[in-house]
Number of protein chains: 2
Amino acid sequence: MTYRVFIVDDHHMVIEGLRSLLGDEKEIELAGHATSVATCRAFLQRQLPDVILMDISLPDGNGMDLCREVRALYPSVFVIGLSTFSQQSFIHKMMEHGASGYLLKNATKEELLEAIRDVVKGKIYLSEEASQIMKKDNPPAVVLTRREQEVLALIAEGLTNNEMAQRLFVSTATIDTHRKNLLTKLDAKNTATLVRKAVQQELIQV
Amino acid sequence: MTYRVFIVDDHHMVIEGLRSLLGDEKEIELAGHATSVATCRAFLQRQLPDVILMDISLPDGNGMDLCREVRALYPSVFVIGLSTFSQQSFIHKMMEHGASGYLLKNATKEELLEAIRDVVKGKIYLSEEASQIMKKDNPPAVVLTRREQEVLALIAEGLTNNEMAQRLFVSTATIDTHRKNLLTKLDAKNTATLVRKAVQQELIQV
DNA sequence: ACCGGCATCCCCTATTTCGGGGATATTTTA
DNA sequence: TAAAATATCCCCGAAATAGGGGATGCCGGT
């Protein structure tokens with residue numbers, strides 16, 4: 001049984017590295033590679049690999065969304081996330097979007113092979129770092145409502161309650177309530193802490 | 001003339017990729033690789049390559065500092081920074097610390113070879129993205145005084161002027177002045193903007 | 001010896017945020 | 001369909017920040 005593996009990554013060095021690592025494995029057949037979401041889509045319309053090794057950052061999109069798309073359209077294709085970062089948000093999103101595994105780019109050949117073997121069997125493979133991150137009941141992900149997200153973003157942009165109220169066509173009292181709820185949810189006691197924690201938890205992009 | 005190239009990167013895939021890309025170039029001789037600052041140091045004590053391809057993030061340190069160290073100890077060795085990120089701070093610091101070039105990991109084989117050829121001649125090689133970042137007279141780096149940095153950090157931690165005054169054994173009026181100066185320097189009109197901009201400009205680490 | 005930058009302190013007032021409440025209507029969801 | 005979540009609005013008062021202004025001493029470098 002040989003597994004057909006497709007690579008999606010915009011770093012030539014990584015593609016070359018993977019080809020070199022996997023190239024002479026009998027059980028692996030390299031189906032090719034793509035350096036963007038678009039070319040990956042194009043490829044999949046013509047043929048399906050067993051496994052896709054997918055970087056999370058692509059020039060024309062991101063691996064998280066692409067992963068969900070692939071899983072929805074081609075349920076037989078397993079996806080392994082690949083990235084330099086061990087940021088929880090990436091790993092979480094990738095897994096939530098149907099990935100079967102996650103590897104950091106410092107993975108060894110053995111880890112790679114093990115991951116591929118595992119996922120084609122329907123198992124989940126997480127690298128050491130990734131599984132640690134998934135395990136640690138990481139900061140019970142704050143859940144913000146749509147409105148709260150909006151207000152949070154505007155706060156970070158420097159708007160006052162008054163300005164936000166005008167912008168969103170509501171009373172300042174409403175904004176004030178949202179603001180208080182944000183402070184509570186993020187366990188912040190003032191705006192400074194609120195913004196810092198929001199950045200930390202990737203609720204706003206800096 | 002063949003150039004001896006040494007690789008410092010903690011990502012096996014990247015190392016493999018580089019070996020694969022450069023391995024069969026006649027003008028390149030791969031001197032070896034290291035996956036940490038420590039092993040790099042050890043290697044250099046025994047032999048010197050012409051060029052080091054150096055990742056900016058290493059498990060036991062970072063490429064920026066290592067770069068400076070290498071240039072100080074072995075001026076004949078040229079360093080090319082290597083990373084996934086095109087963050088200005090990295091590129092800047094790398095170049096300030098004596099690097100001769102900077103490549104992103106999506107560089108092609110041609111770029112790699114060109115970079116190596118250039119730097120051994122004493123020239124500077126920057127990838128397209130890197131040079132753009134160096135060029136754009138990037139946000140005229142805000143310069144904060146020692147005290148301002150302290151206060152900024154404490155603001156981001158959520159301390160009020162009063163609390164900071166106590167912590168630093170000065171009057172709240174003093175803190176207030178620093179705070180105003182921070183707002184002016186960072187062109188922020190309130191705390192929220194101040195914190196966000198401070199994070200953006202890496203004046204505080206999140 | 002002088003100048004500039006820095007840190008320190010003070011005054012004033014207006015605006016904004018924080019910390020408690022409580023209330024009601026509309027969605028969502030279980 | 002009933003319960004929960006969300007979004008909306010309001011009150012109060014205390015605390016903190018913002019925006020002006022000005023002033024003094026210290027230290028390092030030319």
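1. Which backbone lies 2.5 Å from a phosphate oxygen of DNA strand C? A polar backbone atom of Ser171(B) does, a polar contact being a pair of N or O atoms within 3.5 Å; within protein, one must be able to donate a hydrogen and the other to accept it, and residues adjacent in sequence count only if both atoms are side-chain atoms. An N or O atom in the side chain of Thr174(B) also lies 2.5 Å from a phosphate oxygen of the strand, and a polar side-chain atom of Thr145(B) is 2.4 Å from one.

2. This is a predicted model: local features need pLDDT of at least 70, side-chain atom pairs count only at pLDDT 80 or more, and totals for chains, interfaces and linings use all residues. Residues are numbered from 1 along each chain as its sequence is written, chains are lettered from A and ligands numbered from 1 in the order written, and side-chain values use heavy atoms, without hydrogens and water.

3. Around DNA strand C there are 18 residues, counted as near if a heavy atom lies within 4 Å. Of the strand atoms within 4 Å of the protein, 67% belong to sugar or phosphate.

4. The contact between the chains (heavy atoms within 4.5 Å) takes 35 residues from chain A and 34 from chain B. Two salt bridges are counted between them, with a side-chain nitrogen of Lys or Arg within 4 Å of a carboxyl oxygen of Asp or Glu. Glu163(B) pairs in this way with Lys189(A), the closest N and O atoms being 3.0 Å apart.
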